[in-house]
Amino acid sequence: MPKASHQDLRRSFRALTSSNACFHTASVFDPMSARIAADLGFEVGILGGSVASLQVLAAPDFALITLSEFVEQATRIGRVAQLPVIADADHGYGNALNVMRTVVELERAGISALTIEDTLLPAQFGRKSTDLISTAEGVGKIRAALEARVDPEMSIFARTNAAIIPVQEAISRVQQYQAAGADGITIVGIRDFDHLAQISEGVTVPLMLVTYGNPELHDNARLAEMGVRVCVHGHAAYFAAIKATYDCLREQRQILGNESNMSATELTHTYTQPEDYVEWARKFMNVNE
């Protein structure tokens with residue numbers, strides 16, 4: 001069977017988002033997982049920013065991974081992928097000019113689509129990592145991304161977090177990103193279908209929801225009717241791999257004890273050592289101390 005080119009895969013992704021169905025992503029984090037996902041019939045995969053940070057750095061999702069490190073991992077995946085892969089490109093690794101570089105590099109890596117979010121990253125000391133930049137700056141980033149794109153088949157989605165802002169602001173952001181030319185809108189933090197209906201009214205481009213398995217949104221037909229074409233539940237496959245690795249190595253070393261019952265979340269916390277980063281932030285970023 002002939003291999004699909006990067007452009008073929010980008011066309012496949014556009015066909016998905018132009019259909020009347022809602023598709024669910026596979027979490028792909030290395031070449032093997034990308035091949036497995038395609039072989040199992042997944043229509044689309046996603047390389048998460050948090051997962052890339054774990055896989056490449058064994059570090060928490062504190063915006064520590066660099067563009068070059070993220071692109072290297074995306075390139076490894078793009079080399080073998082036979083399904084369209086979305087890249088969670090976070091905030092574009094800087095301002096609008098950095099976004100342009102991000103688009104150039106991820107396009108060359110073979111990514112089919114990418115999301116650029118309006119989060120203020122890296123987070124300022126004492127602030128939440130969910131703070132947002134202004135809508136105007138977010139619009140500028142989307143326009144810059146479109147300017148930098150060479151292959152028009154690659155999709156660029158604008159992303160915002162509807163959980164932390166009033167509904168009217170979320171509506172405004174979504175509509176302005178659509179007007180700026182985004183190929184689609186990615187929304188995090190939708191509570192339920194009523195919330196989705198409010199924010200998606202007037203949206204004509206495809207929607208991608210990051211739901212993290214929210215049970216209030218477990219109706220694929222209804223999601224599709226409301227314009228949702230891609231649904232991201234999270235990255236369970238990656239965390240299952242962490243758990244399996246831990247359990248296998250414990251068994252190999254014949255280590256017994258209650259630690260074997262640690263969940264993937266607990267293991268991730270243990271081995272990314274987030275307390276070190278919190279302490280370094282307090283020590284080096286707290287200008288008032």
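Here is a short exchange on one annotated residue and some aromatic pairs in a predicted model.

Colleague: What makes Asp-88 buried?

Modeller: Its relative accessible area is 11%. Buried means under 20%. So Asp-88 counts as buried.

Colleague: Where is Asp-88 found, and which UniProt annotation covers Asp-88?

Modeller: Asp-88 is in strand 4, residues 85-88. The UniProt record marks Asp-88 with "binding site".

Colleague: Which residues does Asp-88 touch, not counting residues up to four places away in sequence?

Modeller: Among them are Leu-47, Phe-70, Glu-117 and Arg-159.

Colleague: How many aromatic pairs does a search of the whole structure find?

Modeller: Seven. One of the pairs is Phe-13 with Phe-157.

Colleague: Why is the pair of Phe-13 and Phe-157 called edge-to-face?

Modeller: The centres are 6.0 Å apart, and pairing needs them within 6.5 Å. The planes meet at 65 degrees. Over 60 counts as edge-to-face, so the name fits.

Colleague: What parts does the pair of Phe-13 and Phe-157 tie together?

Modeller: Phe-13 lies in helix 1 and Phe-157 in strand 6, so the pair links parts 144 residues apart in sequence. Phe-13 is buried at 0% relative accessibility. Phe-157 is buried at 1%.

Colleague: Why is the pair of Tyr-238 and Phe-239 edge-to-face?

Modeller: Their planes are at 80 degrees and their centres 5.9 Å apart, so the pair is edge-to-face. Both rings belong to one aromatic cluster with Phe-29.

Colleague: Why do Tyr-238 and Phe-239 get their burial labels?

Modeller: The line for buried is under 20%, and exposed is over 50%. Tyr-238 has 6%, so Tyr-238 counts as buried. Phe-239 has 26%, so Phe-239 counts as partly exposed.

Note on methods: Residues numbered from 1 in each chain as written. Predicted model: local features only at pLDDT ≥ 70, side-chain atom pairs only at ≥ 80, totals over all residues. Heavy atoms only, no water. UniProt positions renumbered as here; feature names shortened; annotations may be inferred. Helix = DSSP H or I, 4+ residues; strand = E, 2+ residues; numbered from the N terminus. Buried < 20%, exposed > 50% of the residue type's maximum accessible area, 1.4 Å probe, protein only. Contact = heavy atoms within 4.5 Å. Phe/Tyr/Trp six-rings, centres within 6.5 Å; stacked < 30°, edge-to-face > 60°.
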